[in-house]
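I set out to record the enclosed and open spaces of this model, and one helix packing. My entries follow in the order in which I looked things up.

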Amino acid sequence: MRQRSPLPLIVVSLLVLGAVLTLVRGLGHMQWLELAAYDLLTASVETDDSLPPAVSLLLVSEPDIQELGNWPFTDAQLHRILTDVLALDPVVVGLDIYRDLAVPPGHDDLQLLLQTDPRIIAIEKFPGADSPGVPPPPVLRNTNRVGFSDLLADPGGVVRRSLLFLSNGERTGYAFSLQLALAYLQAAGIQPAADAANPSHMRLGTVSLAPLEGNEGGYVDADPGGYQIMLRYRDAPLPFQVHTLRDLRQGQIAPGAIDGRIVILGVAADSVKDYFTTPFAILDARSGTIPGSVVHAHAAQQLLDAALAGRPPLRSWGDSTEFAWLWLWVALGFLAGWFAGPSWRFVLVILAGVLFAVGVTVAAYLWGFWIPVVPNVLGWLFAAAMSSALLAAHRRRDQQVLMSLFARHVSPEVAGAIWQRRDEVLDDGRVLPRTLTVTTLFTDLQGFTRVSERMDPEPFLQWLNSYLAELTEVIMHHGGVLDDFAGDGIKASFGVPFSSPEETEKHALQAADCALALAQALTALNRQWRSQG
């Protein structure tokens, strides 16, 4: 690289970096690919989930609905289900079923149970500018035992973020998962608090839950409305203890199975459309599409992991750090492409770089950081390809210069040696002047003028070309470099373009051997010419 001007490298590197920053990062054209890479990380990388899940699910299945013969539950049926669940002594029961309207019979009994048992938390759909929402049960309105069930889906319908708070200008609502987690943590003596470094951030235990601002990780200008954090799923779509309504009704839930746990009562039936796509769907669309109750379970468990195990949500670098990281990959790509060159090594180096970039991203994910991988890989590939192409252009220029000088005057073996040692011959496309000790061979055809005067042009040129072709082949065979033709005269040098004092004698012997071989070749030519008259 020291032998080349660095200016083209700088210009191209800036172009590559500008293109990657502007198109991929700045404009977000590749956000979908980055989000797909994130989904693949979530679905395939096992993280350290040392804390066992504290959430259990009681799901109403399609066979349960068919067996009951009606949907939604009557108030009497729901009262009986909640009573049976509470009898198993959970810490908190989340009712993930809208219950804003009475479904007689049994309405008064259900309202009394909801009002008097503080372990029950119900859901609402938070009202906004585009929706009136769905109110909670009447007796729980304006209490702290209501959480909104709204889930935040990215373009494409995948849930990757979790809402903690929403505000509509009149009031602020708590997420269903947050209310469940706070009720569980209150029993463990843990209360939410303002973060000491940033009082606008909520802290649970030792973990500060910093809200997303719209450009974290692979996101570009995502809507940061509400108080959002990344939803850090457990290692499987359904890692929680699951019971069905049939299990509860038939007494098949073992004593102590849900004792001291969070229980979410929800629906997992095809006739009730409450399914959401998760990152796991990138590997298995069927298992990666889960009921909303399971998504709430993941969100609540994440908050418990933060408060009880010190496991924060996924974090990301700042813009300046990400851009510096990207610049490093562009620079490394240029160096890799330049030194690997356009050869089989280039493919190996490129693959190694891509694998290393992916490995760094996976390692960071295990440590709780989301590092974009797509811009870095693209920067690496583009920079390596362009520097390799630039090097190839330099080589083509050098080869053209060398071949224009030597290709017609040396044997293929000598031409190959010259190309391999081109740095000794060329300097930035110019031939280097050198002082060498060489042996020079001159040949002259006796009687050439007399013959040329009496022959017609066409046979004369055929005769001369056969002579020159034969002698040229002999000279090249002996390692000579043909540096001049003058009519019938030939000038060839031995020891060009590489020579050392130790090789002078060898080159002289080559020239002498060549001269003897030329005499033999000319003798054979004379016999052939006589036969042709």
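I first fixed the terms: on a 1 Å grid over the protein atoms alone, a cavity is a set of points where a 1.4 Å probe fits but cannot get out, a pocket is an open set with protein on both sides within 12 Å along at least five of seven lines, and lining residues have an atom within 4 Å of a point. I noted that the model is predicted, that local features need pLDDT of at least 70 and side-chain atom pairs pLDDT 80 or more, while totals for chains, interfaces and linings use all residues. Residues are numbered from 1 along each chain as its sequence is written, and side-chain values use heavy atoms, with hydrogens and water left out.

**Entry 1, second largest cavity.** I listed its lining as Arg 25, Trp 317, Glu 322, Phe 323, Trp 325, Leu 326, Ile 371, Pro 372, Pro 375 and Asn 376. Two or more of these residues come from each of helix 9 (319-340) and helix 11 (374-406); helices are DSSP runs of H or I with at least four residues, strands are E runs of at least two, and both are numbered from the N terminus. Helix 9 gives the largest share, four residues. I put the volume at about 70 Å³, a volume being the space filled by probe spheres set on grid points joined across faces, edges and corners.

**Entry 2, largest cavity.** I found a volume of about 80 Å³. Its lining has 14 residues, with Asp 150, Leu 151, Ser 162, Leu 163 and Ser 177 nearest the centre. Strand 5 (161-167), helix 6 (176-187) and helix 8 (292-309) each supply at least two lining residues.

**Entry 3, helix 14 and helix 15.** I read that the axes of helix 14 (residues 457-477) and helix 15 (residues 504-531) come within 9 Å and cross at roughly 150°, where axes are lines fitted to C-alpha atoms over the stretch in contact and angles run from 0 to 180 degrees between N-to-C directions. Helix 14 is therefore roughly antiparallel to helix 15, the term for angles over 145 degrees. Among the residues in contact (heavy atoms within 4.5 Å) are Trp 463 and Tyr 467 of helix 14 and Leu 518 and Trp 529 of helix 15.

**Entry 4, largest pocket.** I recorded about 490 Å³ of space. Of its 19 lining residues, Val 451, Arg 454, Met 455, Trp 463 and Trp 529 are closest to the centre. Helix 15 gives the largest share of the lining, five residues.

Definitions and conventions
Angles under 35 degrees count as roughly parallel, over 145 as roughly antiparallel, 65 to 115 as roughly perpendicular and the rest as oblique.
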